[in-house]
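Colleague: Please take a close look at one strand of this model and its surroundings. Give the cut-offs as you go.

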Amino acid sequence: MSTPFIPPGPLNTPVLFIAFNRYDTALKVFEAIRQARPPRLYFACDGARNEAEKEKCARVRSLVGLVDWPCEVRTKFSDVNLGVKMGEATAMTWFWEHEEMGIVLEDDTLPVQSFFWYCEELLHHYKDDERVWCIMGNNLMTEWEVKDSDSYYFSTHGYGAYWGWAGWRRVWHKYDVDMKAWPAVKEAGIINGHFISKAEMAEAYGVFDNTYDGNIRSWDFQFDFGRIVERGVNIIPNVNMIRNVGFGADGTNTVSENDVRNKDVLMEIGLPLHHPRHMMVDVVRDHAHFKRYVQPTGLRRFKNAIKSLLPKELDDAVTPFFSRLQKSLGIH
C-alpha cells in the first residue's frame, strides 16, 4: 500500500453500495465508504434464497446502522431473491433514477480512499462527453510499465470485472439488461471490426450469446455490449485502487483464491489527476490484458467443447465436476 491519502476536500459524490449475504466482506467495503463520508448513500440488498440465508442477509443490512456522518441514506432491501443479474441491474437503475452521476461499489470491491476523489474529478471532467462509458477503479495490469505521467488510460476491450466504478445516468439510459439488440447486431456483423483478434471476437460472441440466452446470469456483459455498439471507452487508472476481497468458496464468479485476477497490489492515486492529452485507446495494453486475464484457457475451451456435445441432463451432471476442477486449479 502507498503512503496515506489526504483528501483534497469533502466528498460530494453519492455512492451506491450493493450487498447480499457476506457480512465480513461487506463490512470492509462499508468501512471504506464510512471513511470517505459521501453525502448520499444508496444501500441495496437482494433477498435471501432460502430460510437459512435470511439471518445472513439481515446481518448485512444492519450495516446501515454504522452511518455516523451527515448523510442522506436510502435503502432498497428486496423481500425476494432477484439473483445477480436482476438484483444488481435493478439496484443501479434505482440509483440513476435519483442521481445524475455516482460511484458504485459491491460488497467484495474494497477501494483505497483516493478512489472516491479520483471518481469525483473524472465524473465532472467527462460529464458531457458521450465518448466516455464509465470510470473504473481496478487495474489488473499491475505488471505493465507506465511510460508517461498520465493518471489513467482509455480502454474498450475489457469484459466484466467492474470492481468499483463510477458513471452517469446518460450512459445507464443506454443499458439493456436483456440485450434485445444482440441477435440483429450479431446477424449483421456490424461489430466484427471492433475486435483486436479472432480470439477476442470468439470470446465476446460466446459471452454475448450465453448472456442473451440466459446461460450467464450476470449484469455486466450487457454493459460491455452497450459500450461496444455505442463506441464508448472506459477509463482505467494506471494504478490498481480496488482489491476484490470476494475470492473464495462464497464467491459467485470468483471462486478460487488462486485465480490470476486475485491481486492485492493497491496504490493511492495522485491528485489532481494528470489527464491524457488525446483520447486514444491503448490497444497494445488492451491486447495484453485480454491474453492474460480474459482469453479462455485450454481447460475451459475443452470443457465448453464437451458440454456443447452433451444433452442437457448430462451437461447438468458434469458441470459440478468441471467447476471443482477449475476452482482447484485457479482457472476463471
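Modeller: Ile 18 of β1 has Glu 106 as its bridge partner in β4. This is a predicted model, in which local features need pLDDT of at least 70 and side-chain atom pairs count only at pLDDT 80 or more, while totals for chains, interfaces and linings use all residues. Residues are numbered from 1 along each chain as its sequence is written, and side-chain values use heavy atoms, with hydrogens and water left out. Helices (H or I, at least four residues) and strands (E, at least two) are DSSP runs, numbered from the N terminus.

β1 and β4 are parallel and share 4 bridges; two strands pair if DSSP finds at least two bridges between them. With β2, β1 is again parallel, here over 5 bridges, and Val 15 has Leu 41 as its bridge partner in β2. Between these two strands the chain passes through α1, and the β-α-β crossover is right-handed (with the strands pointing away from the viewer, the path from the first strand over the helix to the second runs clockwise).

In β1, 5 of the 5 residues are buried, so the strand is largely enclosed by the rest of the structure; buried means under 20% relative accessible area, exposed over 50%, partly exposed in between, with a 1.4 Å probe and protein chains only. In a regular strand the side chains alternate between the two faces of the sheet. Here Val 15, Phe 17 and Ala 19 point one way, and Leu 16 and Ile 18 point the other.

The open sheet has 8 strands in the order β3-β2-β1-β4-β8-β6-β9-β7, with mixed pairing. β3 (72-77) and β7 (152-155) are at the edges with a single partner strand each, so one side of each lacks a neighbour in the sheet. From one strand to the next, the twist averages 25°. On the other side of β4 (101-106) from β1 in that order is β8; β4 and β8 (165-168) pair antiparallel over 4 bridges, with Gly 102 opposite Gly 167.

Two helices lie across β1. α1 (23-36) lies across β1 (15-19), β2 (40-45) and β4, at about 170° to β1; axes are lines fitted to C-alpha atoms, for helices over the stretch in contact, and angles run from 0 to 180 degrees between N-to-C directions. Contact means heavy atoms within 4.5 Å. The 14 residues of α1 should span 20 Å at 1.5 Å a residue, and its end C-alpha atoms are 20 Å apart, which agrees (the expected span is 1.5 Å times one less than the number of residues). Its buried residues, among them Val 29, Phe 30 and Ile 33, pack against elements including β1, β2, β4 and α4. Just after α1, Arg 37 has a positive phi of about 60°.

α4 lies across β1, β4, β6, β7, β8 and β9, at about 145° to β4. The helix covers residues 114-125 and reaches 16 Å, close to the 16 Å expected; 9 of its 12 residues are buried, including Phe 115, Phe 116 and Trp 117. Ser 114, also in α4, counts as buried because its relative accessibility is 0%. Its side chain makes a polar contact of 2.5 Å with that of Glu 268; such a contact is a pair of N or O atoms within 3.5 Å, where within protein one must be able to donate a hydrogen and the other to accept it, and residues adjacent in sequence count only if both atoms are side-chain atoms. Leaving out residues up to four places away in sequence, Ser 114 touches Phe 5, Met 241, Glu 268 and Ile 269.
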